[in-house]
Amino acid sequence: MLENRMKPKSLQLNFFLNTSRTVLNVLIPFVTFPYISRVLGPSGTGKVDFVNSIVSYFVLFTELGISNYGAREVARVRDNKLMLSTVVYELTLILLMTVCIGYALYAALVLAVPSFREQWLLFCVVSPTIALSDFSYEWFYQGMEEQTYITSRYLFVKLLQVSFIFLFIKDASHFVRYAAMFVGLNAVSSVFNIFHLRKFLQKVPVSGLKPFRHLKTLFIVFGSLVATNIYTHLDVTMLGILLSDEEVGLYTAANKLVRIVISLVTALSAVVVPRMENCLACGDFDGYRHYINVSLHYILILAFPCCLGLLALAPDIITIFAGEKYAHSVLTIKILAPVVVIVGLAYFVGLQVLYPHRQEWKYTVSVSVAAVSNFIFNLFMIPRLAHDGAALGSVLAELVGLVIQVGFAWKYLRETDLLSLNSLKYLVSSLVMFCAIKFIPDFNANVGLHCGLCFVMAVIVYGISLFLLKEKTVRSLFKRNPR
């Protein structure tokens, strides 16, 4: 079976391309969000984020877990064009049905809730996101490891995004225009994906399509995604309902920054997961173990210093990233900082250990318990601590989910380097780094200079500490001839 496999694409190139997109995802908000946060203010950004949080639930429902399941199935059958085409067409049929149902429910909700009717224009403007997200076929390109195409399309769309923000968003009343701009750019991205898709597929007789064979596993995967999205977006939704748009804006500023860092921490995982799926499908268990340990060390080597860096530099980061209006978000970032480590490890255990081993139901149980926990925590903490309470509830919920996942995956984790001495070196080096940057003076409140010097010091101290501890992961990640 191994000899029939499609020649794998360069892991270094895929990693470089995916990391480039992740870095741009970090840099672009640093360019655009300070401008948007100042022009629209907490209330304007809060309105858009609240409506997007509602729409995200419908995107989740209509996708039915295909975003994760589809990538896995494509990776498993990508060496057989007929099987690949069959899977894509079957999943497309399912999406057509769920999107129609989703729009009917969406319209009913907007008409039924008075506060939603007041924002009917914004809800209408954002509504195409449902279909555009479902038919973007991002899962297909991830499963095929088409990182070159994904990156070139991403760069084009992001260039338009940055240009449009500075050209068309001029005052606080432009929050609807701001939302519409992202919808339009999603449309451009989806059109590119659909046209490019044709070169990978062949015709399949309608009689050969059996879309309902996917439903059992899809519902399990869907359950996990529902739970994950609930405690990802529940904070914003509950803040908007229980308190105000301003509280949503303050929380979103901190949460966006932390989520950007998390995307950097999990950048390699998005590249390695399809490769691991293909290894398991072809019986290459040594290859799977190699890739899973590469991914684990990458997560740990970034997660610990990023977490402690957020704790140390939260005031500077908020000032640079959002402005003085968001000063109350400083404590929120500090509370959310441990999520970088927790989510990084949960991503590893859930999506790289349990999921490839067909243990979807265990992953679903863990994130479902976490979602319920998040609702309970928020119910008690938001009225008392506002946006800081939402952050604390999110951290505790993520931790609950991770503990359950580790319990489920213990027999697989014993074969990884998670509990090795090498993994402890990342934490030790990060603590040394944290102590070093705390000694750098504030330079008369020159935030940019202070933050820049701290970053340089952090990189140097962390690198030297890893070198002295004889940590070799960085070198092994960039071998000239990897697996």
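These are questions and answers about a predicted model of a protein.

User: How many helices and how many strands does the secondary structure of the protein come to?
Analyst: The model is predicted, and its secondary structure is counted in helices and strands. No strands are found in the protein. The count is 19 helices and zero strands.

User: Why does the radius of gyration of the protein agree with that of a compact globule?
Analyst: The C-alpha trace spans about 70 × 60 × 40 Å along its principal axes. For 483 residues, a compact globule would have a radius of gyration near 23 Å. The protein agrees with this, because its own value is 22 Å.

User: What percentage of the residues in the protein is buried?
Analyst: A residue counts as buried when its relative accessible area is under 20%. Of the 483 residues in the protein, the buried ones make up 56%.

User: Of the contacts between residues at least 6 apart in sequence, what percentage joins residues at least 24 apart?
Analyst: A contact means heavy atoms within 4.5 Å. Contacts between residues at least 6 apart in sequence are the ones considered here. Those that join residues at least 24 apart come to 86%.

User: What part of the accessible surface belongs to carbon and sulfur atoms?
Analyst: The accessible surface of the protein comes to about 21200 Å². Carbon and sulfur atoms hold a part of that area, namely 70%.

User: How far apart do the centres of the positive and negative side chains lie?
Analyst: The protein has 40 positive side chains and 28 negative ones. Each set has a centre, and the distance between the two centres is 7 Å.

User: What does helix α8 reach from its first C-alpha to its last?
Analyst: Helix α8 covers residues 147-168, which is 22 residues. At 1.5 Å a residue, 32 Å is expected. Buried residues of α8 include Tyr149, Ile150, Tyr154 and Val157. From end to end, α8 comes close to the expected span, at 31 Å.

User: Is Leu64 buried or exposed?
Analyst: Leu64 lies in the loop between α1 (11-63) and α2 (66-77). Its phi is near 55°, a positive value in a residue other than glycine. The relative accessibility of Leu64 is 6%, and the cut-off is under 20%, so Leu64 counts as buried.

User: Which residues does Tyr137 touch, not counting those up to four places away in sequence?
Analyst: Tyr137 sits in the loop between α6 (129-134) and α7 (138-143), and its phi is near 55°. With a relative accessible area of 6%, Tyr137 is buried. Tyr57 is 80 residues away in sequence and 18 Å away in space, C-alpha to C-alpha. The residues that Tyr137 touches are Val88, Thr92, Ile194 and Leu197.

User: What separates the C-alpha atoms of Lys47 and Val176?
Analyst: Lys47 is found in helix α1. Beyond its neighbours within four places in sequence, Lys47 is in contact with Gln119, Leu122, Phe175 and Asp245. Lys47 and Val176 are 129 residues apart along the chain, and their C-alpha atoms are separated by 9.1 Å.

User: Which residues are in contact with Leu239, leaving aside its neighbours within four places in sequence?
Analyst: Leu239 is placed in helix α10 (residues 215-242). Its relative accessibility is 0%, so Leu239 counts as buried. Pro34, 205 residues away along the chain, has its C-alpha 22 Å from that of Leu239. The contacts of Leu239 are Ser244, Glu247, Val248, Tyr251, Ile382, Ala386, His387 and Ala390.

User: Why does Arg289 not count as buried?
Analyst: Arg289 lies in helix α13 (residues 285-321). Val248 is 41 residues from Arg289 in sequence and 42 Å from it in space, C-alpha to C-alpha. Buried means under 20% relative accessible area and exposed means over 50%. Arg289 has 34% relative accessibility, so Arg289 counts as partly exposed.

Key
Residues numbered from 1 in each chain as written. Heavy atoms only, no water. Helix = DSSP H or I, 4+ residues; strand = E, 2+ residues; numbered from the N terminus. Expected span 1.5 Å × (residues − 1). Buried < 20%, exposed > 50% of the residue type's maximum accessible area, 1.4 Å probe, protein only. Rg over C-alpha atoms; globule rule 2.2 N^0.38 Å. Areas by Shrake-Rupley, 256 points an atom, 1.4 Å probe, with all protein chains shown as cover. Lys, Arg positive; Asp, Glu negative; His and termini not counted. Charge placed at Lys NZ, Arg CZ, Asp CG, Glu CD.
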